[in-house]
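This report examines one protein model through its charged contacts and the elements that carry them. The sequence and structure are shown below.

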Amino acid sequence: MRKKILKPLVACIALSAPSANAAWYEVTGVSTILENKDQARERALEDAIYQAIKFSGADIAGLTAIRPYLKETRNDYQFSGNEIRHVQVLKSKQSDGVIKLTARVDIYPTANACHKNQYKKGLVMGRFDIVSPDHAALGGIFRFGDDFTVLLQRQFETQAQSFVVQGITPHAISPTQPDVATMISEDTGAQYLLVGNITDMSATIDTKVLRKDKTNRQLALSVDVIDGKSGDVIYQNLYRDIAEWPFERHSKVDTKTARFWTSAYGEMAQRMSRNVLLDLEAHLACRATTPEVVQINGQRGQINAGRVHGVKYGDELSLWHNASFTDQYGTHRTQLKKSDMLLTVTRVYENSSEISISPVELGSSIQIGDMVTKHTQ
């Protein structure tokens with residue numbers, strides 16, 4: 001048995017089956033208790049499973065599929081059709097308003113996960129605006145939208161398996177303005193644009209007779225993902241949670257400090273940002289990544305995907321001729337036709353790659369804007 005330190009958790013690893021791909025992980029999840037102890041237990045268990053998935057290299061989107069079953073308070077969970085096969089709660093302890101839960105997680109990583117067979121998809125983020133600024137008056141956290149956007153960006157940069165963030169745009173993006181979205185996508189080379197709003201940060205006071213009053217605060221987000229080519233909204237979701245607001249009622253809180261992000265409310269916001277990531281991995285990971293040919297010169301060319309997207313020297317690519325058009329009603333229609341030619345990556349840069357064409361005589365048929373995908377047998 002090997003022991004590996006996972007800050008702040010400890011994972012003990014051993015093979016649980018004859019298969020070399022199967023392993024069990026003993027991990028500890030932590031959650032702050034608000035009012036509902038069952039909900040705190042669920043979050044601690046989810047945190048433990050997430051740590052095990054990340055350490056194993058399995059598909060983090062698998063957590064989204066089993067999350068509803070974790071609401072049931074049991075000590076044993078069996079799953080099928082998922083890389084996570086078995087979760088066993090070994091012990092649970094609560095003290096000082098925190099619950100710590102240790103679980104054994106059996107994971108069978110597969111090589112068929114979408115993020116392992118495709119390049120990463122470029123993603124540009126829009127700034128999260130606070131819809132009702134008066135909700136931010138408590139604590140004076142009027143800059144929380146900017147700081148949450150940065151938090152989400154870092155979440156994707158460090159944890160995403162299927163996406164690479166290509167920056168936060170200063171321009172306002174709205175699902176009702178597809179033309180703006182497509183222009184920003186064209187300028188940045190991003191396949192998707194993520195936009196959102198903070199719709200609720202209201203607070204309620206829980207009055208106590210013999211103890212100090214406690215303030216609980218909401219956090220609600222709306223999230224839209226826009227296709228950079230068509231301007232269509234391809235994913236929408238609403239997120240809502242509540243946590244204790246531990247700061248003095250009239251104090252000003254700096255949402256850039258560790259004091260804020262390690263508070264119960266800050267930890268809840270971090271968990272929400274992780275849920276956004278997990279949901280996008282679950283819903284969009286298996287959509288085709290669509291790098292384009294941006295330059296062509298005889299038997300050589302260049303595509304707008306590089307090292308950050310997972311492109312490697314020697315990769316073989318299939319070419320798709322782009323015959324997309326806009327119909328009489330202004331709707332973008334995608335039309336792709338697969339070519340018989342094969343492209344090979346000959347040099348890789350940060351955000352682009354050089355390719356060679358085979359057979360050479362077919363190179364004249366390639367046009368700027370044609371798409372490529374990883375070649376599969």
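## Salt bridges in the predicted model

In this predicted model, the count of salt bridges comes to 16. Two groups of them are described here, followed by the elements around them.

## A network around helix 1

Arginine 67 and glutamate 46 are joined through their side chains by a salt bridge, with an N to O distance of 3.7 Å. This pair links distant parts of the chain, its members being 21 residues apart. Arginine 67 lies in the loop between helix 2 (62-66) and strand 4 (76-78), whereas glutamate 46 belongs to helix 1.

Both partners fall below the 20% limit for burial. Arginine 67 is buried because its relative accessible area is 16%, and glutamate 46 is buried because its relative accessibility is 5%.

## The aspartate 146 pairs

Aspartate 146 forms a salt bridge with arginine 127, in which the closest N and O atoms are 2.1 Å apart. Here too the pair links distant parts of the chain, with the two positions 19 residues apart in sequence numbering. Aspartate 146 is in helix 4 (residues 144-159), and arginine 127 is in the loop between strand 7 (121-126) and strand 8 (129-130). A salt bridge also connects aspartate 146 with arginine 143, and its closest N and O atoms are 3.0 Å apart.

The three residues fall into three accessibility classes: aspartate 146 is buried at a relative accessible area of 15%, arginine 127 is partly exposed at 37%, and arginine 143 is exposed at 52%. Elsewhere, salt bridges with shared partners join Glu46, Asp47, Arg67, Arg274 and Asp279 into one network.

## Arginine 274 in helix 7

Arginine 274, a member of that network, is found in helix 7 (residues 264-284). Is arginine 274 buried or exposed? Its relative accessible area is 9%, so arginine 274 counts as buried.

Leaving aside residues up to four places away in sequence, arginine 274 touches Glu46, Asp47, Tyr50 and Gln155. Arginine 274 and alanine 160 are 114 residues apart in sequence, yet their C-alpha atoms are 9.6 Å apart in space.

## Helix 1

Helix 1 (residues 37-56) comprises 20 residues. From its first C-alpha to its last it reaches 29 Å, close to the 28 Å expected at 1.5 Å a residue. Because 15 of its 20 residues are buried, helix 1 is largely enclosed by the rest of the structure. Glutamate 46, described above as buried, is located in this helix.

Glycine 57 comes just after helix 1 and takes a positive phi of about 85°.

## The hairpin of strands 5 and 6

Strand 5 (residues 84-95) and strand 6 run antiparallel and are joined by ten bridges. Which residue of strand 6 is the bridge partner of lysine 93? The partner is lysine 100.

The two strands form a hairpin with two residues between them, and aspartate 96 in the turn has a positive phi of about 55°. Strand 6 (residues 98-107) is mostly covered, with seven of its ten residues buried.

Technical notes: Residues numbered from 1 in each chain as written. Predicted model: local features only at pLDDT ≥ 70, side-chain atom pairs only at ≥ 80, totals over all residues. Heavy atoms only, no water. Helix = DSSP H or I, 4+ residues; strand = E, 2+ residues; numbered from the N terminus. Buried < 20%, exposed > 50% of the residue type's maximum accessible area, 1.4 Å probe, protein only. Contact = heavy atoms within 4.5 Å. Expected span 1.5 Å × (residues − 1). Salt bridge = Lys/Arg side-chain N within 4 Å of Asp/Glu carboxyl O. Pairing = 2+ DSSP bridges.
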